[in-house]
Amino acid sequence: MQPPTAIKRRLNELGLRSRLRARPRLQGRILAPAGLRRRLPSAPGLYFPFYHDVLPEYGDDLRRHLRALQRIGPMLTWDEALAVLAGERPLTGPMFCLSFDDAHLSWRDVAAPVLLEMRVPAMFFLTSGMVGQPGNLTWQDCRDLAAAGFAFGSHTITHTRLADQDDEAAARELIESKREIEDELGAEVRDFAAPYGHPAVDFRDRDVQVARDAGYRSFATTLRPAMHPGDSPMFIHRQGLHPAWPIMAVRTRVHD
Ligand SMILES: [Zn+2]
């Protein structure tokens, strides 16, 4: 049981956090000093950095992040990363597998051009109900990105916190989003990322089981430690980043 002052401090932190999310450059500068004690990875480990929106003013910043990661290890496709976890592909040092969440229009206009130019593969986790909404991708945009070689997974229909849903509603988010994305893209969807992504708080064991039964082969969370061969693809660790952050702040999330 936490004393009330600790709870209050935690709530203040959360309020501060959401205000900082709206100001990513400031957030990055505040995080940066903690990165002084960290280094980008040097030991063998598989990392899954992920982003959300990449507004035009952050295109060069995304390029800067990717260049820093590419200097220390290869960027794998989601398929290749799962092969590393399965022990079918060697883990030779730090390796990275990039993903993006929600359904941002900036994937088409900013992120994809940078990724194609730098030959970096990526997985896009779609919140299917956001597709076609103002400010988001259309299904045709998604088909174009798929044709350009990018992979797609599900990130639910409504971006709800699965842990808060009853069994039926949670299962619907997993199963119906998969079906809709498959119908629209004409390809099987086998990878899932849980909104918010923290075990117990944001999703439950039940949801991982439903995902498995529905035919998903991977389930991404937002726990952050490096992954290694033998780790479960039904509990992928990802590191949330914002392109506006200095590399020093990236080091607080992606490190040995
Ligand atoms: Zn999301």
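## Zinc site

Asp102 and His155 are both buried. In this predicted model, they belong to the protein donor set of the zinc ion, which consists of Asp102 through OD, His155 through NE2 and His159 through NE2. These donors lie 2.0 to 2.3 Å from the metal. Along the sequence, the donor residues follow the spacing D-x52-H-x3-H.

Asp102 sits in strand 4, residues 98–102, while His155 is in the loop between strand 6 (151–154) and helix 7 (167–185), so the pair ties together parts that are 53 residues apart in sequence.

## Fold and dimensions

The protein has nine helices and nine strands. Its radius of gyration is 18 Å, close to the 18 Å that the globule rule gives for 256 residues, so the protein is as compact as a globular protein of that length. Taken along the principal axes, the box filled by the C-alpha atoms is roughly 50 × 45 × 40 Å.

Contacts between residues at least 6 apart in sequence were also classified by separation: 73% of them join residues at least 24 apart.

## Burial and surface

Buried residues make up 51% of the 256 in the protein; Asp102 and His155 of the zinc site are buried as well. The exposed area of the protein is about 12,300 Å², of which carbon and sulfur atoms supply 52%.

## Charge

The side chains of the protein include 33 positive and 32 negative ones. The centres of these two sets lie 11 Å apart.

Note on methods. Residues numbered from 1 in each chain as written. Predicted model: local features only at pLDDT ≥ 70, side-chain atom pairs only at ≥ 80, totals over all residues. Heavy atoms only, no water. Donors = N, O, S within 2.8 Å, 3.2 Å for Na, K, Ca; no water. Helix = DSSP H or I, 4+ residues; strand = E, 2+ residues; numbered from the N terminus. Buried < 20%, exposed > 50% of the residue type's maximum accessible area, 1.4 Å probe, protein only. Rg over C-alpha atoms; globule rule 2.2 N^0.38 Å. Contact = heavy atoms within 4.5 Å. Areas by Shrake-Rupley, 256 points an atom, 1.4 Å probe, with all protein chains shown as cover. Lys, Arg positive; Asp, Glu negative; His and termini not counted. Charge placed at Lys NZ, Arg CZ, Asp CG, Glu CD.
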